[in-house]
Amino acid sequence: MTASSADTASASPADARPDADLAARADRLEALLPQTQCTKCGFQGCRPYAEAMARGEADCNRCPPGGAEGIRRLAAELGVAPLPLDPGHGTEQPRAVARIDETLCIGCTLCIQACPVDAIVGAAKQMHTVLPDWCTGCDLCVAPCPVDCIAMIPVTGERTGWDAWSQQQADAARDRYLARKQRLVREREENEARLAAKAAAKLEALRQEAASSEAERQAQERKKAIIQAAIERARQKRQAAQPLNAAPADPVDRPDAAPAAAGPDHSDHSDHSDHPVPSDTKRPQ
Ligand code: SF4
Ligand code: SF4
Ligand code: SF4
């Protein structure tokens, strides 16, 4: 078979079908997950876990926020028997909400960068606070706080799993998570465009400069080469940028968990989708 015929075969509708089936199955599984994006399952969020289950690469018992009821739902979709929750991923507990001791907060913004659903309000060097109705209890903000001023407060009494979390809350959390990811991509692109324009202006200014000596001319050439190389690196980086929601589905030691937000002023915050959560995360199980 020639390369071109092989290419044609690989793109045939028949071959595309398994991918479509797999994606549809992942969609159905993802819809059953609580959407806290807590990463306790060992994946970088609910979607990668759903995709791994759809591929048959992960069991249905890795999501503590969904608890036993969540496992039953996933098992039914997968057509397998429910398993007990894997204690390696945590235990089923009442849902908690983060609370910041504002008297201790130093306004470092690390918690905002870690919050996947934009439930923290604040700006650099200012006191931060949690929007309780938006907090999913994922506890991803706890470990990064340098002054230990974030506590997870249980708010659902004895209720756990899906008894402590509604489909409406899950849907809202997913919407905020996706909106945050989109915003971070947009901010990164805007920042890159701003830097590219700055570099191009600097390059043009150097080109306009007249050298008064050979040594100065050589120095200008060196500067131009450095700037041109930086512009080229930025261009290549943009080209290689992953599309939105292309997070790997492999288990992670450190959640990227990261998707910062919505409300308030997040203009100073970097994309925490690349922000690792330390492995010693002080998370309640
Ligand atoms: S453990 Fe957390 S990230 Fe994983 S599926 Fe459950 S809610 Fe989503
Ligand atoms: S990161 Fe903190 S504030 Fe944000 S949802 Fe998780 S627990 Fe709540
Ligand atoms: S991480 Fe802690 S100290 Fe930093 S802004 Fe958040 S609550 Fe304040």
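**A buried loop residue, two cores and three ligand shells**

Gln 35 has 29 C-beta neighbours inside 10 Å and therefore counts as buried. In this predicted model, Gln 35 belongs to the loop that runs between helix H2 (13–30) and helix H3 (46–54). Its backbone is worth a look too: phi is positive, at about 65°, although Gln 35 is not a glycine.

Asp 148 makes a helpful companion to this residue. Its phi is likewise a positive value, near 50°, in a residue other than glycine. Asp 148 sits in the loop between strand E3 (129–130) and strand E4. Here, however, there are 11 C-beta neighbours inside 10 Å, so Asp 148 counts as exposed.

With these two loops in mind, the overall layout can be introduced. The chain contains 7 helices and 4 strands, and following the sequence gives the order α-α-α-α-β-α-β-β-β-α-α. Of its 285 residues, 34% count as buried.

Among the strands, E1 and E4 pair in the antiparallel sense, with 5 bridges between them. Within this pairing, Val 97 stands opposite Ile 153 of E4. Strand E1 is largely enclosed by the rest of the structure, because 4 of its 5 residues are buried.

Helix H6 invites a simple check of length. At 1.5 Å a residue, its 42 residues should span 62 Å, and the C-alpha atoms at its ends are 62 Å apart, which agrees. Several positions along H6 are buried, namely Ala 170, Ala 173, Arg 174, Arg 176, Tyr 177, Arg 180 and Leu 184.

The interior comes next. In soluble globular proteins, nonpolar side chains tend to be buried together. In this model, the largest nonpolar core has 30 residues, and the members that touch the most others are Ala 98, Cys 111, Cys 115, Ile 120 and Cys 141. At least two residues of this core come from each of strand E1 (96–100), helix H5 (110–114), strand E2 (120–121), strand E4 (150–154) and helix H6 (167–208). Ile 120 offers a close view of the packing: setting aside neighbours within four places in sequence, Ile 120 is in contact with Cys 111, Ile 112, Cys 115, His 128, Val 130 and Cys 141. A second core, separate from this one, has 18 residues, including Cys 46, Tyr 49, Ala 50 and Cys 63.

Finally, three ligands can be examined in turn. Ligand 1 is surrounded by 15 residues, of which Cys 38, Lys 40, Cys 41, Cys 46 and Cys 63 are the closest. By class, the shell around ligand 1 consists of 9 nonpolar, 5 polar and 1 charged. Two of the names just listed, Cys 46 and Cys 63, have already appeared as members of the second core.

Around ligand 2 there are 14 residues, and the closest are Ala 98, Cys 115, Cys 135, Cys 138 and Cys 141. This shell divides into 11 nonpolar, 2 polar and 1 charged. Ala 98, Cys 115 and Cys 141 will be familiar from the largest core, where they are among the members touching the most others.

Ligand 3 has 16 residues around it, with Cys 105, Cys 108, Cys 111, His 128 and Cys 145 the closest. Its shell holds 12 nonpolar and 4 polar residues, and no charged ones. Cys 111 and His 128 also appear in the contacts of Ile 120.

Note on methods:
Residues are numbered from 1 along each chain as its sequence is written. Chains are lettered from A and ligands numbered from 1 in the order in which they are written. This is a predicted model: local features need pLDDT of at least 70, side-chain atom pairs count only at pLDDT 80 or more; totals for chains, interfaces and linings use all residues. A residue is near a molecule or strand if its C-beta atom, placed from the backbone, lies within 6 Å of it. Ala, Val, Leu, Ile, Met, Phe, Trp, Tyr, Cys and Pro count as nonpolar, Asp, Glu, Lys and Arg as charged, and the others, Gly among them, as polar. A nonpolar core is a set of buried Ala, Val, Leu, Ile, Met, Phe, Trp, Tyr and Cys residues joined through C-beta atoms within 7 Å. A residue is buried if 20 or more other C-beta atoms lie within 10 Å of its own, exposed if 12 or fewer, and partly exposed in between; C-beta atoms are placed from the backbone. Two residues are in contact if their C-beta atoms, placed from the backbone, lie within 7 Å. Two strands pair if DSSP finds at least two bridges between them. The expected span of a helix is 1.5 Å times one less than its number of residues.
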